[in-house]
Amino acid sequence: MDNPYKPIPVELVDTYFETNDRQLKSFKFRILDEDVKKLFDYKPGQFAQLSVLGKGEAPFGIASSPTEGDELLFTINRIGSVTQALHELEAGDKIGIRGPLGNWYPVDKFEGSDIVIVGGGYAFTTLRSLYIYLRDPSRRSKFGKITIVYGAREPGLLLYRDDLEEWKNDENLELVLTIDNPAEGWTGKVGFVPPVLKETAPSSENAYAVVCGPPVMIKFTLPVLHELGFSKDKIYTSLEMRMKCGIGKCGRCNIGHKYICVDGPVFSMAELDELTADL
Ligand SMILES: Cc1cc2nc3c(=O)[nH]c(=O)nc-3n(C[C@H](O)[C@H](O)[C@H](O)COP(=O)(O)OP(=O)(O)OC[C@H]3O[C@@H](n4cnc5c(N)ncnc54)[C@H](O)[C@@H]3O)c2cc1C
Ligand code: FES
C-alpha cells in the first residue's frame, strides 16, 4: 500500500456472536476497492489494524485463510473502547483496515512434517486460518499428520463450532476438543489443554508444534511439548501486545531489540528465549 498509515475502507458483510456468552463476535469484511483487494495478500498468522472513526484503532489476528476467498474474518473479544465500537457495527457499516501486518506461521518450513496445533480460548483465531490453509486440497499432501488439541472453559466458548464439526471428517487429522469441566451432552475430553495434550501424545518425530492461548496455558503446555520431545526451535507461538503503529515506527511493542509488529507476532520458542535473554 502507498501509505501504510492510511486505512483502507472495508464494509461489514456479516457479523454474529461466536460464543454463547456473547463476548466474542465474528466479523466478515469486504475490501471495497477491487484493485486494493488484489494487494491485500496475507498468510496465516498475520494481523491487521481495524479502525473505527472517532474511537481508534486496534490490532486483530486474521481468522480467515486466503484460500477462503475475498472476505476477511476477525473474531473479537469485547474488552474496551475499540472492541466495544466494533461490536456495535451492523452489516453494511464501513470501517478502516491497515494490513496485512507482521510475519506468519512458517508453513514452508512445515512441509514434509507432522504438525501439532494447540489452542486455548479465543486465541484460536489465527490457528483457524492456519489449519484451513493447510487442509486446502492444493496443499494438504505436503504435510503429514495434523493433530489439533483445542480447549475452552465450556462447550459454548469454543470458537468456530461449524468448522470444528466439518473438520471431524478430515483424513489424517486428529481433532481433540476439551472443556474444563463436564457438561451435559459433551462427548469430547474434559480437562485443561496441557494434560489432554500429554494424553494425546502426538509424536515429535519430524514434527512442528504451534501453540496459542492464554499465558497460563502456554506456560503449562511447553513442558508437555518438551516431554514429548519437541525442541524449542520446533515450537511456534504468536504474541499479543499493546501496539500503536503496527509497522515498526512508534517503538511501542518491542521485546529486546525486536518489534512484535514487524519481526513477529509469530516466534519460535528458541527465538523468544534469545530475545528475553537480552533483557
Ligand atoms: C497481533 C495481535 C493480534 C490480536 N488478535 C486479536 C484477536 O484476534 N481477537 C481479539 O479479540 N483481540 C486480539 N488482540 C488484542 C486486541 O488488540 C485488544 O483486545 C484491543 O487492542 C483492545 O482494544 P480496546 O480499545 O477495545 O481496549 P482498551 O480500551 O484499549 O483496553 C481495555 C482493557 O484491555 C487491556 N488491553 C488492551 N489491549 C490489550 C492487549 N493487546 N493485551 C492485553 N491487554 C490489553 C487494557 O489494558 C484495558 O485493561 C490482538 C492483539 C495483537 C497485538
Ligand atoms: S506498534 Fe509501533 S513499533 Fe510496533
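**Ligand surroundings and sheet architecture**

An oxygen atom of ligand 1 lies 3.1 Å from a polar backbone atom of Ser81, in a model that is predicted. A second approach to the backbone involves Thr75, where a polar backbone atom is 2.9 Å from a nitrogen atom of the ligand. A side chain also takes part, since an N or O atom in the side chain of Arg242 is found 3.2 Å from an oxygen atom of ligand 1. On its own, ligand 1 has 900 Å² of accessible area, and the protein covers 73% of this.

The elements that contribute two or more residues to the shell around the ligand are β4 (56-61), β5 (72-77) and α2 (81-87). Of these, β4 provides the largest share, amounting to four residues. In total, 20 residues surround ligand 1, and the closest are Pro59, Thr75, Asn77, Val82 and Thr83. When the shell is divided by class, eleven of its residues are nonpolar, seven are polar and two are charged.

The strands β4 and β5, which both contribute to this shell, belong to an open sheet of six strands arranged in the order β4-β3-β6-β1-β2-β5, with antiparallel pairing. Both stand at the edges of the sheet and have a single partner strand each, so one side of β4 and one side of β5 are left without a neighbour in the sheet. On average, and with direction ignored, neighbouring strands of this sheet are turned by 40° against each other. The pairing of β5 with strand β2 (residues 24-31) is antiparallel and extends over six bridges. Within this pair, Leu24 stands opposite Asn77 of β5, and Asn77 is also listed among the closest residues to ligand 1.

The model contains another open sheet, made of seven strands in the order β10-β9-β8-β7-β11-β12-β15, in which the pairing is mixed. Its edge strands are β10 (189-190) and β15 (266-268), each of which pairs on one side only. Helix α7 (residues 215-228) packs on this sheet and touches β7, β11 (207-212) and β12 (235-238), while its direction makes about 165° with that of β11. A further helix, α9 (residues 269-277), lies across β12 and β15 and runs at about 90° to β15. Strand β7 (residues 114-120) and strand β8 (residues 146-152) run parallel and are joined by six bridges. Along this pair, Ile115 has Ile146 of β8 opposite to it.

Some features of the backbone remain to be described. The peptide bond that joins Gly99 and Pro100 is cis, with omega at about -5°, and Pro100 is placed in strand β6 (residues 94-101), a member of the six-stranded antiparallel sheet. Another cis peptide bond joins Gly264 and Pro265, where omega is about 15°. Pro265 is located in the loop between α8 (260-263) and β15, the latter being one of the edge strands of the mixed sheet. Tyr160, a residue other than glycine, has a positive phi, near 55°, and its place is in the loop between β8 and α5 (161-167).

Methods
Residues are numbered from 1 along each chain as its sequence is written. Chains are lettered from A and ligands numbered from 1 in the order in which they are written. This is a predicted model: local features need pLDDT of at least 70, side-chain atom pairs count only at pLDDT 80 or more; totals for chains, interfaces and linings use all residues. Side-chain values use heavy atoms; hydrogens and water are left out. Two strands pair if DSSP finds at least two bridges between them. Contact means heavy atoms within 4.5 Å. Axes are lines fitted to C-alpha atoms, for helices over the stretch in contact, and angles run from 0 to 180 degrees between N-to-C directions. A residue is near a molecule or strand if one of its heavy atoms lies within 4 Å of it. A polar contact is a pair of N or O atoms within 3.5 Å; within protein, one must be able to donate a hydrogen and the other to accept it, and residues adjacent in sequence count only if both atoms are side-chain atoms. Accessible areas come from the Shrake-Rupley method with a 1.4 Å probe; for residues, only the protein chains shown count as cover. Ala, Val, Leu, Ile, Met, Phe, Trp, Tyr, Cys and Pro count as nonpolar, Asp, Glu, Lys and Arg as charged, and the others, Gly among them, as polar.
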